[in-house]
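Trainee: I have a model open and some questions about it. Can we go through them one by one?

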Amino acid sequence: MTASNTILTDGFGRKHNYLRISLLEKCNLRCTYCMPADGIALSPKASLMTADEIFAIAETFVKNGVDKIRLTGGEPLLRKDFPEIVSKLSELGISLSMTTNGILVDRHIDVLKQFKVKKINLSLDTLVASKFTSITLRNKFEKVIDNLHLLLNHDFQVKVNVVLMKGFNDNEIVDFVKLTQFLPISVRFIEFMPFAGNEWDRSKMVSQQEILSLVGTQFSSEEILKLEDEKNFTSRNYKIKGFQGDFGIISSITNPFCDSCNRIRLTADGKIKNCLFSNSETDLLTAFRNGESINNLISESIQNKKKVRAGMVTMDEMDDPKKHFDNRSMIAIGG
Ligand code: SAM
Ligand code: SF4
């Protein structure tokens, strides 16, 4: 270990300074690409991290170099103790952000402002109310749109996550880009990814290349400006000249960004995953509850991280559904 390396530096020199914490496995939507049709077996409440445990485990990561924490789920705003969790985490002096489906944002807007959770990723896969109901199995489109505007009116930095699926919303790509003309949002088109129970197959996915060529049917190459990639980027970003917002593409399948990966995930039941696509997990919560140090476990997990997508190097490996059966469903990982 060199002076600047910590237990969060892996064998490829990647420093993991970004922790994503899932607060619970439950959700008030049923997005078909995320939640299996038969639901998931929920962990018993006693197996989920309490607010104090979330804080203590997060603090260990912060002491070792984490400076960004994103709260996710399930739907993070469903946690009854959400205000207590953000209040505690805000004491760590790190950048705090959240990914949400937006439904409960109005109830929590004051807490989000008070504890400076200013960067919000809001998931919205369609601009058509009836299609929203068909993909989420709930009739909450207006609520989500109202809360998107509420966040903007309160000067939150909003990214809109759009999971693209062929024949469902690929015909709305241009409409989402047009939304950035007058709204200061970053739309992020996400390639549909395989997880247990979501019936992924490659033919349903809209690739980075297809997204860009669809945008090109409406805007000229002079109008489409490529923005500089951020450090540790997951999204390759573009802007239409003169538009207030921008758009980006998260191409985890066709053009992964593993080389610059700085992310580690903590599930609601206290397990870490060193990669979204990894089937293996390391249980921190049990060790923590037994009064043991979790540093070695964290280090081991980081050292076991593979160079690319949990070791799935080729497209054939990635396309094989069996490789993903043993992973969790996305709803229990947290995105
Ligand atoms: N409930 C919150 C929400 O929907 O924003 C947070 C949790 S959700 C699991 C986090 C993100 O994962 C969302 O933006 C969602 O669209 C994305 N996601 C879920 N399943 C996915 C899949 N199969 N492929 C790509 N993204 C997915
Ligand atoms: Fe719930 Fe988010 Fe998954 Fe949709 S994507 S089912 S809102 S956790």
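Trainee: Is C27 buried or exposed?
Mentor: First, note that this is a predicted model. The relative accessible area of C27 is 18%. The cut-off for buried is under 20%. So C27 is buried.

Trainee: And C31, buried or exposed?
Mentor: Apply the cut-off of under 20% again. C31 has a relative accessible area of 14%. That makes C31 buried.

Trainee: How many disulfides does a search of the whole structure find?
Mentor: A disulfide is a covalent bond between the sulfur atoms of two cysteines. The test here is a pair of cysteine sulfur atoms within 2.5 Å. Over the whole structure, the number found is zero.

Trainee: What span should helix α5 have, and how far apart are its end C-alpha atoms?
Mentor: Helix α5 covers residues 141–153, which is 13 residues. At 1.5 Å a residue, the expected span is 18 Å. The model agrees with that, as the end C-alpha atoms are 19 Å apart.

Trainee: Within what arc do the buried residues of α5 fall?
Mentor: The buried set is F141, V144, I145, N147, L148, L151 and L152. Viewed down the axis of α5, they line one face of the helix, because they fall within an arc of 165°. An α-helix has 3.6 residues a turn, so residues three or four places apart point the same way. The arc asked for is 165°.

Trainee: Which exposed residues does the face of α5 turned away from its buried side carry?
Mentor: Exposed requires over 50% relative accessible area. On the face turned away from the buried side of α5, the exposed residues are D146 and N153.

Trainee: What covers the buried residues of α5?
Mentor: Both helices and strands take part. The cover includes the strands β4 (119–123) and β5 (157–164). It also includes the helices α3 (105–114) and α4 (129–136).

Trainee: Which residue in the loop between α4 and α5 has a positive phi?
Mentor: The residue is not a glycine, and its phi is near 60°. Its relative accessibility is 46%, so it counts as partly exposed. The residue in that loop is L137.

Trainee: Where is N232, and what is its phi?
Mentor: N232 sits in the loop between β7 (224–226) and β8. Its relative accessible area is 24%, so N232 is partly exposed. It is not a glycine, yet its phi is positive, at about 55°.

Trainee: How many residues of strand β9 are buried?
Mentor: Take the two faces of β9 in turn. D246, G248 and I250 are buried on one side. F247 and I249 are buried on the other. For residues 246–250, the count is five of five.

Trainee: Which strand pairs with β9 in the parallel sense, and which runs antiparallel to it?
Mentor: The parallel pairing has five bridges, and one of them joins I190 to I250. The antiparallel pairing has three bridges, with R236 and I249 as bridge partners. The parallel partner is β6 (residues 186–191), and the antiparallel one is β8 (residues 236–240).

Trainee: Which residue in the hairpin of β8 and β9 takes a positive phi?
Mentor: Five residues lie between the two strands. One of the hairpin's residues has a phi near 85°. That residue is G242.

Trainee: Which residues have the most contacts inside the largest nonpolar core?
Mentor: In soluble globular proteins, nonpolar side chains tend to be buried together. The largest nonpolar core here has 101 residues. Beyond its sequence neighbours within four places, I21 is in contact with residues including M49, I54 and L266. The residues with the most contacts inside the core are I21, F61, I69 and F189.

Notes. Residues numbered from 1 in each chain as written. Chains lettered and ligands numbered in written order. Predicted model: local features only at pLDDT ≥ 70, side-chain atom pairs only at ≥ 80, totals over all residues. Heavy atoms only, no water. Helix = DSSP H or I, 4+ residues; strand = E, 2+ residues; numbered from the N terminus. Expected span 1.5 Å × (residues − 1). Buried < 20%, exposed > 50% of the residue type's maximum accessible area, 1.4 Å probe, protein only. Arc of directions from axis to C-beta. Contact = heavy atoms within 4.5 Å. Core = buried A, V, L, I, M, F, W, Y, C linked by side-chain atoms within 4.5 Å. Pairing = 2+ DSSP bridges.
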